[in-house]
Amino acid sequence: MGFIENPNNKKIIAKLIIYAFILIFISTVSGFILLHNNKIFLLKHLYVNSDRNLSRWYSSIILFSGGVLSYLICLKYIKKDKNCLYWKLLSCVFIFLSVAKSTSIDESIFGMIRKILGTVGLSISSLLFGLILILLFLLLFSRFYLTLSKSIRMVIFTSAIVYIVGGLFFEILSSVSYR
C-alpha cells in the first residue's frame, strides 16, 4: 500500500489542508479588521502579514516535524539505506526552514550575502536568490529523489510545488502590496 492510499495518511493530509484553509480565512478576516482598527492585540497574531503570527508558527512546526521525521527515517535505516546522508541533509534543510520561518534569520543571511555581493559590484533580488537555491537543491537531491518509491515521489513533488508556488505567490503579492 502506497503512502497516499493509506487511510490514516489521507486523514492527516485532509486535516492539514483544512487547518491551512482555516488559517487563511482567519488571517483574511483579521487583516480586514486591522485595516479599520489596529489596536486589537490578538488580531495582529492572526494576520499573516505580521511578524509573529499563528500561521508562521504553524508552518514552522510543520517544517520542524518534517526535519525530525527525516532524521528518524535515517536512524531507522542507517545500516540498510545508502541514502542516509540525503535524509540527514533533508532533515537539516527542514529544520533550517523551520528556524528561518519563525525567526526571519533567512533575511539576515540574505542581507549579508547581498552586502558581500555588493562589494564586488553584483546585485541580486531575494526572489532570484531563492530560485537559484531551489535549482541547487534540485541538482543535489535529484538522484536521491529517483530512488524513492513512486507514491513517496508524488507526495514530495506535490508538497514541493505547493510550498514553492505558495511562497512565490505570497512573495510577489507582498512586494506588489508594499511598493
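These legends walk through several close-up views of a predicted model.

**View 1. The whole protein is built from helices.**
Start with the big picture before zooming in. The protein has seven helices and zero strands, so if you read from the N terminus on, the elements simply go α-α-α-α-α-α-α. Of its 179 residues, 19% are buried. Now look at contacts between residues at least 6 apart in sequence: 47% of them join residues at least 24 apart.

**View 2. How confident is the prediction, and which helix scores highest?**
Since this is a predicted model, a quick look at confidence is a good habit. The mean pLDDT of the protein is 77, and 76% of the residues reach 70 or more. Among the elements, H4 has the highest mean pLDDT, at 87. Helix H2 (residues 41-46) sits at the other end, with the lowest mean, 60.

**View 3. Helix H4 passes a simple ruler test.**
Helix H4 covers residues 84-103, which makes 20 residues. At 1.5 Å a residue, a helix like this should span 28 Å, and because its end C-alpha atoms are 28 Å apart, the two values agree. Which residues of H4 are buried? They are Cys 84, Trp 87, Leu 90, Ser 91, Ser 98, Ala 100 and Ser 102. Just after the helix comes Ser 104, which takes a positive phi of about 65°.

**View 4. Helix H5 gets the ruler test too.**
Helix H5 runs over residues 105-119, and its 15 residues should span 21 Å at 1.5 Å a residue. The end C-alpha atoms are 22 Å apart, which agrees. Just after H5, look for Gly 121, where phi is positive at about 85°.

**View 5. Helices H4 and H6 pack against each other.**
Two packed helices are described by the angle between their axes and the distance between the axes. For H4 and H6 (residues 126-147), the axes come within 11 Å and cross at roughly 140°. The crossing is left-handed. From H4, the contact is made by Tyr 86, Trp 87, Leu 89, Leu 90 and Val 93. From H6, the partners are Phe 137, Leu 140, Phe 141 and Phe 144. What kinds of residues make up this contact: nonpolar, polar or charged? The split is nine nonpolar, no polar and no charged.

**View 6. Leu 90 sits in the contact between H4 and H6.**
Leu 90 is found in helix H4 and is one of the residues that H4 brings to its contact with H6. Is Leu 90 buried or exposed? With a relative accessibility of 10%, Leu 90 counts as buried. Leaving out residues up to four places away in sequence, Leu 90 touches Ser 70, Phe 137, Phe 141 and Phe 144. Also find Tyr 71: Leu 90 and Tyr 71 are 19 residues apart in sequence, and their C-alpha atoms are 8.1 Å apart in space.

**View 7. Asn 83 is tucked into a loop.**
Step back to the loop between H3 and H4, where you'll find Asn 83. Asn 83 has a relative accessible area of 8%, so this residue is buried. Beyond residues up to four places away in sequence, Asn 83 touches Phe 144 and Thr 147. You've already met Phe 144, one of the H6 residues in the contact with H4.

**View 8. Two residues of helix H3 reach H4.**
Ser 60 has its place in helix H3 (residues 54-76), and Phe 64 is found in H3 as well. Ser 60 is buried, because its relative accessibility is 5%. Phe 64 comes out at 43%, so that one is partly exposed. Not counting residues up to four places away in sequence, Ser 60 touches Ser 98, Lys 101 and Ser 102. On the same basis, Phe 64 touches Phe 94, Ile 95 and Ser 98. Phe 64 and Cys 92 are 28 residues apart in sequence, with 9.4 Å between their C-alpha atoms.

**View 9. Phe 96 of helix H4 touches two isoleucines.**
Phe 96 is found in helix H4. Its relative accessible area is 39%, so Phe 96 is partly exposed. Past residues up to four places away in sequence, Phe 96 touches Ile 105 and Ile 109. Phe 96 and Gly 67 are 29 residues apart in sequence, yet 8.7 Å apart in space, C-alpha to C-alpha.

How values were computed. Residues are numbered from 1 along each chain as its sequence is written. This is a predicted model: local features need pLDDT of at least 70, side-chain atom pairs count only at pLDDT 80 or more; totals for chains, interfaces and linings use all residues. Side-chain values use heavy atoms; hydrogens and water are left out. Helices (H or I, at least four residues) and strands (E, at least two) are DSSP runs, numbered from the N terminus. The expected span of a helix is 1.5 Å times one less than its number of residues. Buried means under 20% relative accessible area, exposed over 50%, partly exposed in between (1.4 Å probe, protein chains only). pLDDT is the predictor's confidence in each residue, from 0 to 100. Axes are lines fitted to C-alpha atoms, for helices over the stretch in contact, and angles run from 0 to 180 degrees between N-to-C directions. A crossing is left-handed if the near helix is turned anticlockwise from the far one by less than a right angle, and right-handed if clockwise. Contact means heavy atoms within 4.5 Å. Ala, Val, Leu, Ile, Met, Phe, Trp, Tyr, Cys and Pro count as nonpolar, Asp, Glu, Lys and Arg as charged, and the others, Gly among them, as polar.
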